[in-house]
Amino acid sequence: MRGLFVLLVLISLLTACTQSKSGEQALQNQIDSLKAELDNAYKPGFGDFMGSIQTRHSKLWFAGANENWELAEFEMHEMEEIIEDIRAVYPDREETQSLPIIEPSLETVNNAIKQRDAEAFKKGYLTLTNACNTCHQATKVEFIKIKIPTIPSYSNQDFKKLVNNDRIE
Ligand code: HEC
């Protein structure tokens, strides 16, 4: 009788063990398939992120040149968000390791904007533009040369700052 009891306990322990093993396997399979789905999900390429940075860099210039500090702040914020996105999407890419190159100049431009200082903004912007190119050299795309823009890429945006909440008539 006691032998049978021990046997029953052993059997039930064994099935519990194999059941949890197969449960574990099912979970692992689910994790693997989710991972595969994530790997195949659409992700902007490094170059796509750079194209967005290029837009922000250009708009930032016209905002600052017009002393439209609110817009300049906005464009800086957008650019910094894209940089964070690159870090999140491509944490292991070699190019991502060079991102700190741009950080001191972002800080300089942010300070100029905070102080509403047009001269400091222009100097900071030049430093920022040089940092873009320094990183392009570091990441072996030195043929992508960034410069201070001369005309806005978009003609449908007014970069002048709002005066008395003026509206387009
Ligand atoms: C981490 C270093 C790094 C920094 C900082 C950086 N870039 Fe890039 N950039 C790259 C790399 C790498 C590529 C090539 C991407 C690819 O392989 O598609 C690139 C490509 C580009 C391109 C070409 C994409 C296109 O659409 O033609 C532009 C434009 C560009 N960067 C603009 C900028 C601007 C403007 C800045 C500064 C505000 C900047 N980049 C800062 C690394 C950097």
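Biologist: Let us start with Lys 140: is Lys 140 buried, partly exposed or exposed?
Modeller: Lys 140 counts as exposed, because its relative accessibility is 65%. The cut-offs are under 20% relative accessible area for buried, over 50% for exposed and partly exposed in between, with a 1.4 Å probe and protein chains only. Please note that this is a predicted model, in which local features need pLDDT of at least 70 and side-chain atom pairs count only at pLDDT 80 or more, whereas totals for chains, interfaces and linings use all residues. Residues are numbered from 1 along each chain as its sequence is written, and side-chain values use heavy atoms, with hydrogens and water left out.

Biologist: And where does Lys 140 lie?
Modeller: Lys 140 belongs to the segment after α5. Its phi is positive, about 65°, although Lys 140 is not a glycine.

Biologist: What sign does phi have in most residues other than glycine?
Modeller: In most of them phi is negative. Glu 67, with phi near 50°, is another non-glycine residue with a positive value. Glu 67 sits in the loop between α2 and α3, and it counts as partly exposed because its relative accessibility is 34%.

Biologist: Let us step back to the fold. How many helices and strands does the protein chain have?
Modeller: The protein chain has five helices and zero strands, so it reads α-α-α-α-α along the sequence. Helices (H or I, at least four residues) and strands (E, at least two) are DSSP runs, numbered from the N terminus.

Biologist: What share of the residues is buried?
Modeller: Of the 169 residues in the protein chain, 28% are buried.

Biologist: On to the ligand. How many residues surround it, and which are the closest?
Modeller: The shell holds 19 residues, and the closest are Met 50, Glu 95, Cys 132, Cys 135 and His 136. A residue is near a molecule if one of its heavy atoms lies within 4 Å of it.

Biologist: Which helix supplies the largest share of that shell?
Modeller: That is α2, with seven residues. Both α2 (46-65) and α5 (118-138) supply at least two residues each.

Biologist: How does the shell divide by residue class?
Modeller: It comprises 11 nonpolar residues, seven polar and one charged. Here Ala, Val, Leu, Ile, Met, Phe, Trp, Tyr, Cys and Pro count as nonpolar, Asp, Glu, Lys and Arg as charged, and the others, Gly among them, as polar.

Biologist: Which polar side-chain atom lies 2.8 Å from a nitrogen atom of the ligand?
Modeller: That atom belongs to His 136. In addition, a backbone N or O atom of Gly 47 is 3.4 Å from a ligand oxygen atom.

Biologist: Back to the two cysteines in the shell: are Cys 132 and Cys 135 buried or exposed?
Modeller: Cys 132 is buried because its relative accessibility is 12%, and Cys 135 is buried at 15%. Cys 132 lies in helix α5, with its C-alpha 9.8 Å from that of Gln 54, a residue 78 positions away in sequence.

Biologist: How many disulfides are found in the whole structure?
Modeller: The search finds zero disulfides, a disulfide being a pair of cysteine sulfur atoms within 2.5 Å.

Biologist: A different topic: what joins the side chains of His 57 and Thr 129?
Modeller: A polar contact of 3.0 Å joins them. A polar contact is a pair of N or O atoms within 3.5 Å; within protein, one must be able to donate a hydrogen and the other to accept it, and residues adjacent in sequence count only if both atoms are side-chain atoms. His 57 lies in α2 and is buried because its relative accessibility is 5%.

Biologist: What about Ser 52, then?
Modeller: Ser 52 also lies in helix α2, and it is partly exposed because its relative accessibility is 33%. Its C-alpha is 8.0 Å from that of Met 79, and the two are 27 residues apart in sequence.

Biologist: Finally, where is Gln 97 found?
Modeller: Gln 97 is in the loop between α3 (69-89) and α4 (103-114), and it is exposed because its relative accessible area is 52%.
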